[in-house]
Amino acid sequence: MSKILVTGATGNVGGHVVNELARAGLDVRALVRDPARARLPDEVEVVAGDLTRPETLEPALAGVETAFLVWPGFAARTAEPVVEALAAKARRVVYLSANVPDGGGPPIFHQELERLIRASGMSWTFLRPSGFAANTLIWADQIRTGVVRWPYGQAARALIHEKDIAAVGVHVLTSAGHGGAAYPISGPGLLTQAEQVRTIGEVIGREVRWEELPPEEAREHLLAAWGDAGFVDSALAGWRSFVDSPEEVTDVVEKLLGRPALPFRSWVRDHEADFR
């Protein structure tokens, strides 16, 4: 295969993608902001670049025909020049999107990226995962105290392990027949947020209880942590919606990989140290 560029190469998903491609003996180039801090396999070519500064991307794109695109942050301000630069070099892109609708509802940056990629002329595949299991790390400090105060304890999610997202990404990158596909991928079943907290406690051997936090109080905390009011409001609205309409569970991971998606408990075991 030709050279594969992986962005977000030191992140939760991109790191697994890079490692799997390298283990398969494929020609991988990792785009990172600071090569000196990257901890990647020796056989991986590491190139400096920043998707928020499109002018830095030329070295990373040389000779690339396929890209795994992970977008940084919550805004698409530099998306158009980045997609244009990518389309000038690459024939194919696999974009790590989100489980967003094709139309309707308030637009978010993933929908804007998908729109630009569709219009770019490249062959494309969108991975649309459900909630990331890794997002529960936001509770780590509270888990250590034995009480998690958060809104919408009955919001039911189909959380997906980052290893499964990466495995699907590698499968799509290394096999044919995925052009024009938008894959909704999820974990194998539903757990409410309160059940997620209880599961974490069971795995790490600590009793952890859920305490419902009023949404308006949660909004203040999240604004201080995240800074983006639009993203905070979108997150709160999403959690609220999953109380009455649980997140979709799909069998796409099993169909593509030939095995069931990893359960949330398995993810917690992989991350026990992060909660201790």
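**Getting to know this chain**

Biologist: Let's start with a single residue. In which helix is Arg118 found?
Modeller: Keep in mind that we're looking at a predicted model. The helix in question covers residues 109-118. Arg118 therefore belongs to helix α4.

Biologist: Is Arg118 buried, partly exposed or exposed?
Modeller: Its relative accessible area is 39%. Buried means under 20% and exposed means over 50%. Arg118 falls in between, so the word for it is partly exposed.

Biologist: How far apart are the C-alpha atoms of Arg118 and Glu195?
Modeller: Along the chain, Arg118 and Glu195 are 77 residues apart. In space, their C-alpha atoms are separated by 38 Å.

Biologist: Zooming out, what radius of gyration does the protein chain have, and what would a compact globule have?
Modeller: The chain has 276 residues, and a compact globule with that many would come out near 19 Å. The C-alpha atoms fill a box of roughly 55 × 40 × 35 Å along the principal axes. The radius of gyration agrees with the globule value: the protein chain has 19 Å.

Biologist: What share of contacts between residues at least 6 apart in sequence joins residues at least 24 apart?
Modeller: For background, the protein chain has 12 helices and 11 strands, and 49% of its residues count as buried. As for those contacts, the share joining residues at least 24 apart is 73%.

Biologist: Now the inside. Which element gives the most to the largest nonpolar core?
Modeller: In soluble globular proteins, nonpolar side chains tend to be buried together. Here the largest such core has 33 residues, and Val6, Val17 and Phe68 touch the most other members. Elements giving two or more residues to this core include β1 (3-6), α1 (12-23) and α6 (162-173). With 6 residues, the element that gives the most is α6.

Biologist: Which residues of α6 (162-173) does Phe68 touch?
Modeller: Leaving out residues up to four places away in sequence, Phe68 touches Leu5, Val6 and Val94, among others. α6 spans 162-173, and the partners of Phe68 within that stretch are Gly169 and Leu173.

Biologist: How many residues are in the second, separate core?
Modeller: This core includes Ala155, Ile204, Val208 and Leu236. Its size is 29 residues.

Biologist: One last oddity: what phi does Tyr152 have?
Modeller: Most residues other than glycine have a negative phi. Tyr152 sits in the loop between β7 (147-150) and β8 (156-157), and is buried, with a relative accessible area of 15%. Although Tyr152 is not a glycine, its phi is positive, at about 60°.

Note on methods: Residues numbered from 1 in each chain as written. Predicted model: local features only at pLDDT ≥ 70, side-chain atom pairs only at ≥ 80, totals over all residues. Heavy atoms only, no water. Helix = DSSP H or I, 4+ residues; strand = E, 2+ residues; numbered from the N terminus. Rg over C-alpha atoms; globule rule 2.2 N^0.38 Å. Buried < 20%, exposed > 50% of the residue type's maximum accessible area, 1.4 Å probe, protein only. Contact = heavy atoms within 4.5 Å. Core = buried A, V, L, I, M, F, W, Y, C linked by side-chain atoms within 4.5 Å.
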